[in-house]
Amino acid sequence: SASPVPKKLLAHINRTFGTLAFCRRWLERPDGGSTAVNGNDGKAQQEKYMGALKNLCDVGIVQAYPPLVDVKGCYTAQYEHT
């Protein structure tokens with residue numbers, strides 16, 4: 001069975017983002033990525049999560065998406081259709 005740290009991180013990800021994409025720096029915010037879901041008291045902030053996140057990606061539970069990169073000096077846009 002998975003260790004408690006990845007399980008705790010996965011529970012936070014599921015509660016905060018559901019199936020939506022997120023960037024890992026949001027996990028470091030005091031609200032853990034969403035003030036609406038977690039409030040802003042700092043209790044949702046994730047620390048030392050990189051190993052757990054890598055584990056979740058390695059076993060296929062979380063899908064990693066690379067950042068958008070374009071030609072230097074050009075504008076890059078992302079469009080989402082829901």
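**Exercise 1. Decide whether aspartate 58 is buried or exposed in this predicted model, and describe the salt bridge that aspartate 58 forms.**

Solution. Begin with accessibility: aspartate 58 has a relative accessible area of 56%, and because exposed means over 50%, aspartate 58 counts as exposed. Next, look for the partner, which is lysine 54, with the closest N and O atoms of the salt bridge 2.7 Å apart. Finally, place the pair in the secondary structure: lysine 54 and aspartate 58 both belong to helix H3 and stand four residues apart, so about one helical turn separates them.

**Exercise 2. Find how many salt bridges the whole structure holds, and classify the residues arginine 29 and aspartate 31 by accessibility.**

Solution. A search of the whole structure gives two salt bridges. One of them is the pair lysine 54 and aspartate 58, and another joins arginine 29 to aspartate 31, where the closest N and O atoms lie 2.7 Å apart. To classify this second pair, take each residue in turn. Arginine 29 has a relative accessible area of 34%, which means that arginine 29 is partly exposed, whereas aspartate 31, at 4%, is buried.

**Exercise 3. Work out where threonine 16 is found, whether threonine 16 is buried or exposed, and which residue's side chain is joined to threonine 16 by a polar contact.**

Solution. Threonine 16 is found in helix H1. The relative accessibility of threonine 16 is 11%, and because buried means under 20%, threonine 16 counts as buried. The side chain of threonine 16 is joined to that of asparagine 38 by a polar contact of 3.1 Å. To complete the surroundings, set aside the neighbours within four places in sequence; threonine 16 is then in contact with Gly32, Gly33, Ser34, Val37 and Asn38.

**Exercise 4. Describe the largest pocket by its volume, the residues closest to its centre, and the class and origin of its lining.**

Solution. Take the volume as the starting point: the largest pocket has about 950 Å³. It is lined by 25 residues, of which Ala21, Phe22, Cys23, Gln63 and Tyr65 are the closest to the centre. The elements that supply two or more lining residues are helix H1 (4-17) and helix H3 (50-58), and H3 gives the largest share, with four residues. Sorting the lining of the largest pocket by class gives 17 nonpolar residues, five polar and three charged.

**Exercise 5. Treat the second largest pocket in the same way, giving its volume, its lining and the element with the largest share.**

Solution. The second largest pocket holds about 160 Å³ of space. Its lining is made up of Val5, Lys8, Leu9, Gln45, Gln46, Glu47, Lys48, Tyr49 and Ala52. Helix H1 provides the largest share of this lining, with three residues. Divided by class, the lining of the second largest pocket has four nonpolar, two polar and three charged residues.

**Exercise 6. Summarise the protein as a whole: its secondary structure, its extent, its buried share and its contacts.**

Solution. The secondary structure comes to three helices and zero strands, and along the sequence these follow the pattern α-α-α. The C-alpha trace spans about 45 × 30 × 25 Å along its principal axes. Of the 82 residues in the protein, 23% are buried. Finally, consider the contacts with a separation of 6 or more, where residues 24 or more positions apart account for 32%.

Technical notes. Residues are numbered from 1 along each chain as its sequence is written. This is a predicted model: local features need pLDDT of at least 70, side-chain atom pairs count only at pLDDT 80 or more; totals for chains, interfaces and linings use all residues. Side-chain values use heavy atoms; hydrogens and water are left out. On a 1 Å grid over the protein atoms alone, a cavity is a set of points where a 1.4 Å probe fits but cannot get out, and a pocket is an open set with protein on both sides within 12 Å along at least five of seven lines; lining residues have an atom within 4 Å of a point. Grid points are joined across faces, edges and corners, and a volume is the space filled by probe spheres set on the points. Ala, Val, Leu, Ile, Met, Phe, Trp, Tyr, Cys and Pro count as nonpolar, Asp, Glu, Lys and Arg as charged, and the others, Gly among them, as polar. Buried means under 20% relative accessible area, exposed over 50%, partly exposed in between (1.4 Å probe, protein chains only). A polar contact is a pair of N or O atoms within 3.5 Å; within protein, one must be able to donate a hydrogen and the other to accept it, and residues adjacent in sequence count only if both atoms are side-chain atoms. Contact means heavy atoms within 4.5 Å. A salt bridge is a side-chain nitrogen of Lys or Arg within 4 Å of a carboxyl oxygen of Asp or Glu.
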